[in-house]
Amino acid sequence: MAKRYLFTPGPTPVPPEVLAAVGAPVVHHRSPDFLPAYERVLDRLHEVCRTENDVLLFGASGTGAFESAVANLVSPGEPHLVVSAGSFGERWVAMTTAFGADVDILRYTWGETPDADDLRARLDEREAKAVWIVQSETSTGVVADVRTLAAAAKEAGALVVVDAVSSLGAVPCDTDKWGLDVVVSGSQKALMTPPGLGLAAVSEAAFAALGTSPRFYFDWERTRKAQRTLDAPFTLPVSLVAGLDVALGLLLDEGLEASFDRHVRLGRATRAGIKALGLELFSPDEDRSAVVTAVRAPAGIDGTDVVKGMRDRFGITIANGQGELKGKIFRLGHIGWFDVFDITTQIAAVELVLGELGADVERGVAVTAAVQAFQAASVVGEAADARPKDPAVVGRGGPEPSRT
Ligand code: PLP
């Protein structure tokens, strides 16, 4: 009997209460058996996205929800600007191009952090109908400063579309306060639900700027019209909606600020453990990097062997590098239903696997370094105020769900 651990930056572990809801008998998507959960999900998504805008729900992965933004906003030949610093930025370059947009690309080397002044300068050179930004570039571990990037785009009169697939619920995303026109996310990351639901929070300004590309399933107006009467244009994945209802309840019970605080400390713990092993970080050594920690494979070691060793020796799934980073880095996820012991498990296994692969790693100190970094209370502002006083309950904001 081998225990399995899912430590990728999506999909992520799903709490047992959520799994129980997903496993309940299937109900009809237009019946009173379903509508209360549907209504709660739509309400709770407003809170999680911090918006008064419509939040449209689709039976689709995050890429599907993103395609809804492209299909609704892009008209062939129109100028758009994509900020790309990794695999997902490149996906949005390909998708906007596939829909016929005249795409300008503010492109960074993978691992770099996009900068608002660069964006401002590029928009001075060429206007864009919309600027497409990735908040958490899961391929590199970089979390961009969406607030300042959005401000630069707004100054130039562009709409702002944000890929928050791996960040919503884990790091702040203040949709209305920051003037974000579209925020896209998916169920399987910090929202602690199995894959299969995508969402897009859409502003009135975005609705006023709809393009001419063909669309049907992802037509925003069709979905908005239905949702406003608590209906759905197509059959929703009712079991996933039931699960998301419970998961969003857990997240909001913990409190968004407390969740952001926990993710900051999970990131710190991971980086402290990795550094104590004597390894080099690929992702930035900063609090904003709270979603996934990317680690350079040590000299002479193929990162793919680390990923395989973790899986084959210990049943632990972590992520390889993507694209040009395959084999050069490995990525340790910490979004959603994670606590510090999910970090120490990963760090201990990295230590053992690298040791077996012949790497020169510091032995016996990394787990302690990770725990100490997690415990250090130094988050300031709203997040610190929201944190429960008893360190024993930090991180859940309510009764501990039982672990299986
Ligand atoms: N954007 C980011 C930042 C992601 O991390 C992912 C998934 O890993 C996606 C988009 C794509 O989402 P999905 O795989 O749900 O289509």
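**Two crossing helices and the ligand shell**

The crossing of α3 and α4 is right-handed. In this predicted model, the axes of these two helices come within 10 Å and cross at roughly 45 degrees. Angles under 35 degrees count as roughly parallel and those from 65 to 115 as roughly perpendicular, with 45 degrees in neither range, and α3 is therefore oblique to α4.

Both helices also take part in the surroundings of the ligand, since α3, which spans residues 62-73, and α4, which spans residues 87-98, each supply at least two residues of the shell. Of the elements that contribute, α4 gives the most to this shell, with three residues. In total, 13 residues surround the ligand, and the closest are Ser61, Thr63, Thr138, Asp163 and Lys189. When the shell is sorted by class, it has seven polar residues, together with three nonpolar and three charged ones.

Several side chains place an N or O atom at a short listed distance from a ligand atom, as the following cases show. For threonine 138, an N or O atom of the side chain is 2.4 Å from an oxygen atom of the ligand, and for glutamine 188 the corresponding distance, again to an oxygen atom of the ligand, is 2.7 Å. In the case of aspartate 163, the ligand atom concerned is a nitrogen, which is 2.6 Å from an N or O atom in the side chain. The ligand on its own has 390 Å² of accessible area, and the protein covers 87% of this area.

Conventions: Residues are numbered from 1 along each chain as its sequence is written. This is a predicted model: local features need pLDDT of at least 70, side-chain atom pairs count only at pLDDT 80 or more; totals for chains, interfaces and linings use all residues. Side-chain values use heavy atoms; hydrogens and water are left out. A residue is near a molecule or strand if one of its heavy atoms lies within 4 Å of it. A polar contact is a pair of N or O atoms within 3.5 Å; within protein, one must be able to donate a hydrogen and the other to accept it, and residues adjacent in sequence count only if both atoms are side-chain atoms. Accessible areas come from the Shrake-Rupley method with a 1.4 Å probe; for residues, only the protein chains shown count as cover. Helices (H or I, at least four residues) and strands (E, at least two) are DSSP runs, numbered from the N terminus. Ala, Val, Leu, Ile, Met, Phe, Trp, Tyr, Cys and Pro count as nonpolar, Asp, Glu, Lys and Arg as charged, and the others, Gly among them, as polar. Axes are lines fitted to C-alpha atoms, for helices over the stretch in contact, and angles run from 0 to 180 degrees between N-to-C directions. Angles under 35 degrees count as roughly parallel, over 145 as roughly antiparallel, 65 to 115 as roughly perpendicular and the rest as oblique. A crossing is left-handed if the near helix is turned anticlockwise from the far one by less than a right angle, and right-handed if clockwise.
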